[in-house]
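Reader: I would like a close look at a single part of this model, namely the way one strand is paired with its neighbours, and then an account of how that part sits within the rest of the chain. Please take it step by step.

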Amino acid sequence: MTAPIKLYAIEIQPRDFALTGFKLDNGFEYSGILLFDTPEKAQCSINEDIAAAIESRDEEGLDSDDEDYTSDDEIRDDHGSVAQVLIHADGQIFNDVGHSLAGYIGRSEGKTSHDVERHIGEYFKYAVKIAASKERTNDSDCLQP
């Protein structure tokens with residue numbers, strides 16, 4: 001039996017996660033929860049998104065009294081926090097207290113729990129391979145497994 005892998009996600013709201021999509025090295029088109037191998041990498045991604053949102057807001061030239069103005073704190077709140085998850089070889093995904101997340105992720109993506117588990121299972125194989133080779137690839141300074 002293969003041990004689960006501890007990874008980290010960006011939880012925007014309770015049980016509502018940042019999503020992604022990309023082609024795994026085996027050709028599978030993964031779409032699902034955005035996962036990182038360390039909490040620091042997940043936080044780095046959040047920080048990059050916050051910095052981009054603040055820059056975009058500042059480029060608009062809105063005054064802080066304008067009703068469309070968003071404060072730095074509001075921007076930070078909108079970008080969520082780091083959440084630990086466990087993924088299993090069979091595609092199951094759980095939060096840090098043991099609750100299954102497949103249904104929640106599926107609702108966010110318009111997929112069934114089974115579809116989510118199929119994608120997580122493929123991602124599990126990918127993560128195991130990456131961990132074994134110690135390779136990291138991504139366009140961001142915050143590397144995904």
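Author: A good place to begin is the pair in which Gln 13 stands opposite Asp 16 in strand 2, bearing in mind throughout that this is a predicted model. Strand 2 covers residues 16–17, and 2 bridges join it to strand 1 in an antiparallel arrangement. The two strands form a hairpin with 2 residues between them, and in that turn Arg 15 has a positive phi of about 60 degrees.

Strand 1, which spans residues 5–13, also pairs with strand 6, residues 81–87, in the antiparallel sense and over 7 bridges; within this pairing, Ile 10 has Val 82 of strand 6 as its bridge partner. A further antiparallel contact is made with strand 5, residues 35–36, through 2 bridges, and here the bridge partner of Ala 9 is Leu 35. Strand 1 is thus joined to strand 2, to strand 5 and to strand 6.

A second hairpin can be set beside the one just described, and this one is formed by strand 3 and strand 4 with 5 residues between them, Gly 27 in the turn having a positive phi of about 95 degrees. The strands concerned, residues 19–23 and residues 29–33, pair in the antiparallel sense over 5 bridges, and Phe 22 finds its bridge partner in Tyr 30 of strand 4. As a general point on such elements, the side chains of a regular strand alternate between the two faces of the sheet.

Turning from the strands to the surface, a negative patch is formed by Glu 55, Glu 59, Glu 60, Asp 63, Asp 65, Asp 66, Glu 67 and Asp 68. Of these, Asp 68 lies in the loop between helix 1, residues 39–60, and helix 2, residues 72–78. Asp 68 counts as exposed because its relative accessible area is 54%, where the cut-off for that word is over 50%.

As for the setting of these parts, the protein chain has 4 helices and 7 strands, and along the sequence they follow the pattern β-β-β-β-β-α-α-β-β-α-α. The C-alpha atoms fill a box of roughly 60 × 30 × 25 Å when taken along the principal axes, and of the 145 residues of the protein chain, 34% count as buried.

Note on methods. Residues are numbered from 1 along each chain as its sequence is written. This is a predicted model: local features need pLDDT of at least 70, side-chain atom pairs count only at pLDDT 80 or more; totals for chains, interfaces and linings use all residues. Side-chain values use heavy atoms; hydrogens and water are left out. Patches are made of residues with over 30% relative accessible area and no salt bridge: like charges are joined within 9 Å, nonpolar side chains (Val, Leu, Ile, Met, Phe, Trp, Tyr) within 5 Å. Accessible areas come from the Shrake-Rupley method with a 1.4 Å probe; for residues, only the protein chains shown count as cover. A salt bridge is a side-chain nitrogen of Lys or Arg within 4 Å of a carboxyl oxygen of Asp or Glu. Lys and Arg count as positive and Asp and Glu as negative; His and the chain ends are not counted. The place of a charge is taken as NZ of Lys, CZ of Arg, CG of Asp or CD of Glu. Buried means under 20% relative accessible area, exposed over 50%, partly exposed in between (1.4 Å probe, protein chains only). Two strands pair if DSSP finds at least two bridges between them.
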